[in-house]
Amino acid sequence: MTRQIPEYLLSFELIARALVTIIALGLIWLGAARMPASAKSRYATAGALSAAFIGWLAVAQYLGAANTYFASTDTAVPTVLFGLLIPLAVAAIALWQSESVARLVSAIPLHWLVAAQVYRVIGGIFLVLWAAGRMPWQFALPAGIGDVTTGIVAVVVAALLARNAIGAYRATYAITMGAMTSPGRAHLLAFEAPNLLISSYPLVMVPTFAVPLALMLHGLVL
């Protein structure tokens, strides 16, 4: 851990990781319970997805803690982008190639997929780090404000979806597209204020774990 990383981030990341894991596994098993298949097929698929998710989390944590993704101002292409893009590619292939995986995720109620984005409020930590002078505003403000807003609005939109309120689906599409196209995490290195903290453990878990998961959820919603 580098000197610029405050100690409280370790505890914060541990709590956040546990919360995200509970939400993700909960969605998997909720989908399994509603999946149109035999009990054996449903729970075998859910078990395989759960194992894959936990394995991904373990690999992301190991590589992050080993400073595999640490960037410097000399880095031409931040290696952390590979940690972001590879999980997305694997998830897309699994969804495309596996009928059982596709049926399970399709069985997850839409309002629960939207509500799961509540974990995005933990992105408020970027604003705390910016206020402490540890992170450039070019990254912290759009990422932090965007995350907190998405997390709060997700709960409201999910409630509207659950009640099948007028305009709920339109709002879901608008929020999802806005969250997917907003700037922030991929902009890792600012020219005037290098954002090296995001490539250091434990914050590197954001672009290599939390962000791909959020994009997967947004993709499933669409």
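How much area does the protein chain expose, and what share of it do carbon and sulfur atoms supply? The chain exposes about 11,300 Å². Carbon and sulfur atoms supply 70% of that area. Keep in mind that this is a predicted model.

**Exercise 1. The overall fold**

Task: Describe the secondary structure of the chain, then its burial and its contacts.

Solution.
- Step 1. Count the elements. The chain has 9 helices and 0 strands.
- Step 2. Read them from the N terminus on. The order is α-α-α-α-α-α-α-α-α.
- Step 3. Turn to burial. Of the 222 residues in the chain, 43% are buried.
- Step 4. Check the contacts with a separation of 6 or more. Residues 24 or more positions apart account for 78% of them.

**Exercise 2. One residue in H2**

Task: Decide whether Thr45 is buried or exposed, and list its contacts from farther along the sequence.

Solution.
- Step 1. Locate the residue. Thr45 is found in helix H2, which spans residues 39–65.
- Step 2. Recall the cut-off. Buried means under 20% relative accessible area.
- Step 3. Apply it. Thr45 has 8% relative accessibility, so Thr45 counts as buried.
- Step 4. Leave aside the neighbours within four places in sequence. Thr45 is then in contact with Met35, Ser100, Val101 and Leu104.
- Step 5. Follow two of these partners. Val101 and Leu104 are themselves buried, in helix H4.

**Exercise 3. The two sides of H4**

Task: Work out which residues of H4 are buried, which are exposed on the other side, and what covers the buried ones.

Solution.
- Step 1. Helix H4 covers residues 99–106, and Val101, Leu104 and Val105 are buried there.
- Step 2. Look down the axis of H4. The buried residues fall within an arc of 90 degrees, so they line one face of the helix.
- Step 3. Look at the other side of H4. Glu99 and Ser106 are exposed there.
- Step 4. Find the cover. The buried residues of H4 are covered by elements including H1 (8–34), H2, H3 (80–97) and H9 (205–221).

**Exercise 4. The largest pocket**

Task: Give the volume of the largest pocket and describe its lining.

Solution.
- Step 1. The largest pocket holds about 850 Å³ of space.
- Step 2. It is lined by 35 residues, and the closest to its centre are Phe53, Trp56, Pro87, Ala91 and Met216.
- Step 3. H1, H2, H3, H4 and H9 each give two or more residues to this lining. H3 gives the most, with 10 residues.
- Step 4. Sort the lining by class. It has 32 nonpolar, 3 polar and no charged residues.

**Exercise 5. The cavities**

Task: Find how many cavities of 30 Å³ or more the structure has, then describe the lining of the largest and the second largest.

Solution.
- Step 1. A search of the whole structure gives 2 such cavities.
- Step 2. The largest has a volume of about 260 Å³. Its lining has 21 residues, with Ala16, Ile122, Met205, Val206 and Ala210 the closest to the centre.
- Step 3. H1, H6 (125–131) and H9 each give two or more residues to that lining. H1 gives the most, with 6 residues.
- Step 4. By class, the lining of the largest cavity has 15 nonpolar, 1 polar and 5 charged residues.
- Step 5. The second largest cavity has a volume of about 80 Å³. Among its lining residues are Val114, Gln117, Thr150, His218 and Val221.
- Step 6. H7 (137–162), H8 (168–181) and H9 each give two or more residues to this second lining.
- Step 7. By class, the lining of the second largest cavity has 5 nonpolar, 5 polar and no charged residues.

Conventions. Residues are numbered from 1 along each chain as its sequence is written. This is a predicted model: local features need pLDDT of at least 70, side-chain atom pairs count only at pLDDT 80 or more; totals for chains, interfaces and linings use all residues. Side-chain values use heavy atoms; hydrogens and water are left out. Helices (H or I, at least four residues) and strands (E, at least two) are DSSP runs, numbered from the N terminus. Buried means under 20% relative accessible area, exposed over 50%, partly exposed in between (1.4 Å probe, protein chains only). Contact means heavy atoms within 4.5 Å. The arc is that of the directions from the helix axis to the C-beta atoms. On a 1 Å grid over the protein atoms alone, a cavity is a set of points where a 1.4 Å probe fits but cannot get out, and a pocket is an open set with protein on both sides within 12 Å along at least five of seven lines; lining residues have an atom within 4 Å of a point. Grid points are joined across faces, edges and corners, and a volume is the space filled by probe spheres set on the points. Ala, Val, Leu, Ile, Met, Phe, Trp, Tyr, Cys and Pro count as nonpolar, Asp, Glu, Lys and Arg as charged, and the others, Gly among them, as polar. Accessible areas come from the Shrake-Rupley method with a 1.4 Å probe; for residues, only the protein chains shown count as cover.
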